[in-house]
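Here's a quick tour of one pocket and a couple of helix contacts. Have the viewer open while you read.

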Amino acid sequence: MASRLGLRPSPHRAIFARAPPSALRPATLAAGRLACASRRLVSTAAAAPAAAAPDDGWRTRQGLSRYADRRDIEFVLHEVERVEAEAEEVRGVLDSVEDFVEEWGPVDPALDQSPPKLITAEDGSTAVEVHPETKRLLADYHARGFAEMEELGLPFSVQCAAQFLFGGAFPSNPLGFTVLTRCAADLLEAHGSESLKGEYLSDMRAGKVVGTMALSEPHAGSSLGNIRTTAVRAGDGPLGQEYRLKGDKMWTSAAFHDVTPNTAHMLLARIAGPDTPPGARGISLFLVPHLLPDGSPNDVEVVGLNKKMGHRALPNCAWSLGGGAGGATGYLVGEPHQGLSAMFQMMNAMRIEVGLWAAALGKRGLNESLLYAEGREQGGKRIIEHDDVKRMLLQQKAYAEGAFALTIHAA
């Protein structure tokens, strides 16, 4: 995470293009800046009544947005936190995110209603099939360069503001694939060997390999000192120290899907042997891929999909390692028995991301409530004019906008 907090010069400028999903075309961020001057900022505090518009998500009655309050975002960034970034550049980034959301936001209900499915192939192997629109949405996300947002050298708080817009538009969380992959890539970059980084890091940054965080087991949720997955040393290979792993993992998001051919699990296990300390002090970190460097499948298998109330576009898996004779191949990341301390980098990064998306959902709930209260009549007037409804909406507003301000302050 530390590499994402500072400003860094970058050669990656030609990103954030607006393009229909069927015909992606690159454009420069500078072009987005020129366009932003003529754009009408969507705000729940419009100065004058707006003309009626279709209730289709982004722009609705009286300028209300179903997804986010752009004026509030810019107020917190520039007038509360006073971020060290040009306002025009921030507007260009947020405009580009709005363009993406305006085009792709309407698919989110379909992703929520049709979650990933567990399928069985003719050879008896199992895999996870995601909604086709999830794959198209992610391809467009990468084509527009959003995965490279940190390369612009923007403050982390501005990146969080962009993620806040995404979070409000996609409650089913198809972009969880990209968030997990970015955090896994940061972990690999900080602790992995040069050979491991050479094999996987660039593909993870480009979205060609998805990264996951494999911690919990069926009997051990947050009590990671009790994990039973074991790793046996198998000698040195072309990517460093190889191990054979056996065990079961639970609650792993973004695994065994058909979005990309390969997935790299950042996985905690215990090295077998008398030198391994008990409890959390004996945990090591491994990279376990679905496909080995020679293209052959690793000894991993999905057992089932966990049903969820939300974030339903993102599969959450129960799976096993080493069901075959030899065990799954894994590569040690960092030093033996130092896995938990290393993994805290990814865990803390994901805590920020999960908190941010929770704040975005709270804001989306507020906006949906405002839209409903504006249109629903009771007792001869709109219910937003009733005092008790005003009180409830103001309480919801305090929670939602306070949560967003807190995340930006923390960033």
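## The pocket

First, a working definition: a pocket here is an open set of grid points with protein on both sides within 12 Å along at least five of seven lines, and its lining residues have an atom within 4 Å of a point. Keep in mind that this is a predicted model.

With that in hand, the largest pocket comes out at a volume of about 700 Å³. Its lining runs to 27 residues, and the ones that lie nearest the centre are Met-213, Trp-251, Ser-253, Met-350 and Val-354. Four elements give two or more residues to that lining: α7 (176-191), β3 (209-214), β5 (240-253) and α9 (339-375). Of the elements, α9 gives the most, with eight residues. If you're thinking about the chemistry of the lining, the split by class is 15 nonpolar, nine polar and three charged residues.

## α9 against α10

Helix α9 doesn't just line the pocket; it also packs on α10, at an angle of about 155° and with the axes 9 Å apart. Since angles over 145 degrees count as roughly antiparallel, α9 is therefore roughly antiparallel to α10. The crossing of these two helices is left-handed.

The α9 side of the contact consists of Gly-355, Leu-356, Ala-359, Gly-362, Lys-363, Gly-365, Leu-366, Ser-369, Leu-370 and Ala-373. Facing them from α10 are Val-389, Leu-393, Gln-396, Lys-397, Ala-400, Glu-401, Ala-403, Phe-404 and Thr-407. Sort those contact residues by class and you get 10 nonpolar, six polar and three charged.

## α2 against α10

Helix α10 (residues 387-410) has another packing partner to look at: α2 (residues 70-80), at an angle of about 40° with the axes 10 Å apart. That angle makes α2 oblique to α10. This time the crossing is right-handed.

Which residues of α2 and α10 meet here? From α2 come Asp-72, Ile-73, Val-76 and Leu-77, and from α10 come Glu-401, Phe-404, Ala-405 and Ile-408. By class, this contact has six nonpolar and two charged residues, with no polar ones.

Glu-401 and Phe-404 are worth selecting in the viewer: both are listed in the contact with α2, and both turn up in the contact with α9.

Note on methods: Residues are numbered from 1 along each chain as its sequence is written. This is a predicted model: local features need pLDDT of at least 70, side-chain atom pairs count only at pLDDT 80 or more; totals for chains, interfaces and linings use all residues. Side-chain values use heavy atoms; hydrogens and water are left out. Axes are lines fitted to C-alpha atoms, for helices over the stretch in contact, and angles run from 0 to 180 degrees between N-to-C directions. Angles under 35 degrees count as roughly parallel, over 145 as roughly antiparallel, 65 to 115 as roughly perpendicular and the rest as oblique. A crossing is left-handed if the near helix is turned anticlockwise from the far one by less than a right angle, and right-handed if clockwise. Contact means heavy atoms within 4.5 Å. Ala, Val, Leu, Ile, Met, Phe, Trp, Tyr, Cys and Pro count as nonpolar, Asp, Glu, Lys and Arg as charged, and the others, Gly among them, as polar. On a 1 Å grid over the protein atoms alone, a cavity is a set of points where a 1.4 Å probe fits but cannot get out, and a pocket is an open set with protein on both sides within 12 Å along at least five of seven lines; lining residues have an atom within 4 Å of a point. Grid points are joined across faces, edges and corners, and a volume is the space filled by probe spheres set on the points.
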